[in-house]
Amino acid sequence: MSENLISAVIVDDEPLAIEGLKLRLQKIPEINVIGEAQDGDAAIALCQELEPDVLFIDLQLPGINGLEVVQAIQADVMPLVVFVSAHSEYAVDAFELNAIDYILKPANLGRLQQTIERIKERLSPHEREEEKFKLMRALGKTSGLPISELEEWLATDGPLPSALKQELVIKNSDNQRVFVPMHEINWIDAAGDYMCVHTSSENYIVRITMKKLTSQLDERIFQRIHKSTVVNIHRIKRIETLRNNQSIVDLGDNIKLKVSRNYNSAIQKIINNRGPN
């Protein structure tokens, strides 16, 4: 095939949607569909392996959604991104990540041809570097971190950094990444370099130090109550005062955690000042 063909990967959790988009793209001579995936993790792996020119991706995916896929792909292999969705309400978020286009399903051939023209204009080496810079700048705005720190992150395989993380990224026993919303965490306890993160539905084991983990938490919500324990103050049902300036916090469901004397005044102050959940 000609080297001038635009290589594309399609990501959608519905096989019929993939097939429909693929059939339409095959009618455009400049496009070569080189891969397809049905979930976010597979999409990330495919982009890392194939380095396509353009990624056509649905926003609604099982597990990691389309926006999170784009955030997770390292910029040195970042394709141009076209979001494909049945809904229009995510368009602003998509363009904040510098998507080249946002197509509503079902995409007709004429609409796709307009998208391909945009892609062709952006595929010169100079334009590709400019696109990467724009993406880095957009990620910098959404994460609250400087571009220099984001560039350091590119050398790692870790999740997208953030000045104040909204989700904790955990690898489960199947080595799959699980995104745990911070507000769903009830409490965290430590065992060496491992943390046990407790939610109402599941417990997760994370290999991370307490110092590093607490640096990612919102101190207005999460309070350290012991050298090895952090609690979500909005989960506290009541506090039982003990002798020697110690206390017990009751999280309900028969979960009671000891507050050491070093942290007792801090937890009392935060509870007294906290607003409604």
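**Exercise 1. Locate glutamate 51 in this predicted model, and describe its backbone and its exposure.**

Solution. Begin with the position: glutamate 51 sits in the loop between helix 2 and strand 3. Turn next to the backbone, where glutamate 51 has a positive phi of about 50° although it is not a glycine. Finally, consider the surface: the relative accessibility of glutamate 51 is 46%, so it counts as partly exposed, given that this class lies between the limits of 20% and 50%.

**Exercise 2. Carry out the corresponding analysis for asparagine 254.**

Solution. The residue belongs to the loop between strand 14 (247–252) and strand 15 (255–259). Its phi is near 65°, a positive value in a residue other than glycine. With a relative accessible area of 79%, asparagine 254 is exposed.

**Exercise 3. Work out which parts of the chain are tied together by the salt bridge between lysine 105 and aspartate 12, and describe the surroundings of lysine 105.**

Solution. Start from the contact itself, in which the two side chains meet at 2.7 Å, N to O. Then place the partners: lysine 105 lies in the loop between strand 5 and helix 5, and aspartate 12 in the loop between strand 1 and helix 1 (15–25), so the pair ties together parts that are 93 residues apart in sequence. The partners can now be classed by accessibility, lysine 105 being partly exposed at 28% and aspartate 12 buried at 4%. The pair also belongs to a network of salt bridges that links Asp12, Asp58 and Lys105. As a last step, inspect the backbone after lysine 105, where the peptide bond to proline 106 is cis, with omega near -10°; proline 106 itself lies in the loop between strand 5 (101–104) and helix 5 (109–122).

**Exercise 4. Describe the largest nonpolar core and follow the contacts of valine 81.**

Solution. The largest nonpolar core has 21 residues, and those with the most contacts inside it include Val11, Leu55, Val81 and Phe83. Among the elements that give two or more residues to this core are strand 1 (6–11), strand 3 (54–58) and strand 4 (80–85), while helix 2 gives the most, with 4 residues. Not counting residues up to four places away in sequence, valine 81 touches Leu55, Ile57, Val70, Ala99, Ile100 and Asp101. Of these neighbours, aspartate 101 is buried, with a relative accessible area of 2%, and its side chain meets that of arginine 111 in a salt bridge (2.8 Å, N to O). Aspartate 101 lies in strand 5 and arginine 111 in helix 5, so this pair ties together parts that are 10 residues apart in sequence.

Key:
Residues numbered from 1 in each chain as written. Predicted model: local features only at pLDDT ≥ 70, side-chain atom pairs only at ≥ 80, totals over all residues. Heavy atoms only, no water. Core = buried A, V, L, I, M, F, W, Y, C linked by side-chain atoms within 4.5 Å. Buried < 20%, exposed > 50% of the residue type's maximum accessible area, 1.4 Å probe, protein only. Contact = heavy atoms within 4.5 Å. Salt bridge = Lys/Arg side-chain N within 4 Å of Asp/Glu carboxyl O.
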